Structure formats: structure tokens, C-alpha cells
There are 2 protein chains.
Amino acid sequence: MQSKLFRITLNSSQPELLLRFYSVLGFHFSQKQVDKGSLAWLGQLGEMALEVYGIKETFSGRSPNVQLSFQVAGIESIIEKVRDLKLQIMMEPLQSSIGTIAIVMDPDGRSIELIQK
Amino acid sequence: MQSKLFRITLNSSQPELLLRFYSVLGFHFSQKQVDKGSLAWLGQLGEMALEVYGIKETFSGRSPNVQLSFQVAGIESIIEKVRDLKLQIMMEPLQSSIGTIAIVMDPDGRSIELIQK
């Protein structure tokens, strides 16, 4: 199995505006259960999911505003190669109810989530 | 036909590093013909294309570092709705050899390309 980009997450201090915009493009959103105090919506368009996270304005400059999520095979081998490239590994592979998850930074600092089911 | 996200474009001042990273995820890149003086690579992973544009460091803060490209139907109607949302339209729909193209900004300033074939 090769990797597959299946979700894009956008962090925004004006999530309602984003929902209206991406609905115009055809995404259908529903609110998602997240940590207390946070608001999130999950939209779907064909096979692509778009997640919108509401964040406080004061944090918006520091949060990566886009995260790309890939379903992968061989997550340990990918992490080793990422380590060889001297890139930042934000979260080492961790077992969870939905599979093994890791988060790395691409060379420009974009957040990349890897999930092996 | 509903919209479909088919390409993500990353602008980077260190494209070679990006190519190495995204190759680890399984993208296969080939260099692409662009304007004199610019370097660009197009990668493919299943149905998703990833384009990496080399940009000068000095411009990297001003360029949007991610562009999402959607194939759409009813581009004129979408543009009207985007206008109703008071969002910025960077390029009005324009006939080209690959179809009708428009570029708009999402509410946070991410660049969104719309293509109707």
C-alpha cells in the first residue's frame, strides 16, 4: 500500500467564515467533539476530509495553519528516514485506538500527521 | 459533478529538502517547465498531485506557502458566492488551454485555485 493524503486540517481564528467558504466549494461539515473549550468541524468532499479548528487569535501566528494527514504503511521506516533528514519529530509513533500515529514537521515547518491503520 | 481537490502547491526557499521529505512519503517528482529563473517540481501520489515551487528566501514570508487547487463545476456561480462573502478574488475566471481558471483567497488568506475543465 502506498501513502494516501486523506485529510487537511486548517487552524483558524475565524472558523465560521472558513466553513462558509469551504461549503461553497462543496464540503459538508459537521461539528466534532473535541477538548473542552475548543471548536472543530469535520467536512468531507469525496475522499478528502477537511477539518477546521477554531483557535484563539493570539495563538494564530504560532500555530501551523495547515496540517496534512497521510495514511501510510511502514510508519517506523518512514520515521527513520525523517530522522535521517534531521527533521523535527513532534510525536514519535504512538499506538492509539485508530492505529499508530506520529507527527513530523516538513522542512518548512508544516505539520504532517502519519497514521498507520 | 462535485468539486475535487486534486493538487497542493508548496512554495519553498529550500525545495530540494522538500522533495526529499515528500519522496519519503511516496511522491514521485519530475521537474517541470516554468518561467525562466524559477524551479518547480510536480509529484504524484495516487490521485493527488503535489507541486513544489522554489522561491527566493526574501520572498518566502510574503508568498502563501500552500495553495489548494480544486477542479470544480459551475465556476461562475462559485465566484459569485465568494464575492458575496466579501473575499478577495485574485484572478477572475479566465479561459486557458486547460479550462477556466480563477484564484481566490480563503478567509485566512490561503490561496485557492479553481479550475473548470
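Let us start at one residue: Glu113(A) is buried, at a relative accessible area of 10%, where buried means under 20%, exposed over 50% and partly exposed in between (1.4 Å probe, protein chains only). Its side chain meets that of Arg7(A) in a salt bridge (2.7 Å, N to O), a term for a side-chain nitrogen of Lys or Arg within 4 Å of a carboxyl oxygen of Asp or Glu. This pair links distant parts of the chain, 106 residues apart: Arg7(A) sits in strand S1 (residues 4-12) and Glu113(A) in strand S8 (residues 111-116) of chain A. Helices (H or I, at least four residues) and strands (E, at least two) are DSSP runs, numbered from the N terminus. Arg7(A), with 16% relative accessibility, counts as buried too.

A word on the ground rules. This is a predicted model, in which local features need pLDDT of at least 70 and side-chain atom pairs count only at pLDDT 80 or more, while totals for chains, interfaces and linings use all residues. Residues are numbered from 1 along each chain as its sequence is written, chains are lettered from A and ligands numbered from 1 in the order in which they are written, and side-chain values use heavy atoms, with hydrogens and water left out.

Now for the two chains together. A turn of 180° and a shift of 0.0 Å along the axis lay chain B on chain A with an RMSD of 0.0 Å, superposed by least squares on the C-alpha atoms of residues with pLDDT of at least 70 in both. The copies are thus related as by a two-fold rotation axis. In chain B, Val66(B) has the C-alpha nearest that axis, 4.1 Å from it.

How many residues of chain B are in contact with chain A? There are 37, and they meet 37 residues of chain A, contact being heavy atoms within 4.5 Å. About 3,100 Å² is buried between the chains, with carbon and sulfur atoms giving 70%; this buried area is the accessible area (1.4 Å probe) that two parts lose on being put together, summed over both. Phe21(B), Leu25(B) and Arg110(B) supply 20% of what chain B buries against chain A, more than any other three residues. Between the chains, the salt bridge count is 0.

Arg110(B) does have a salt bridge with Asp108(B) (3.1 Å, N to O). Here Arg110(B) is buried, with a relative accessible area of 5%, whereas Asp108(B) is partly exposed at 29%.
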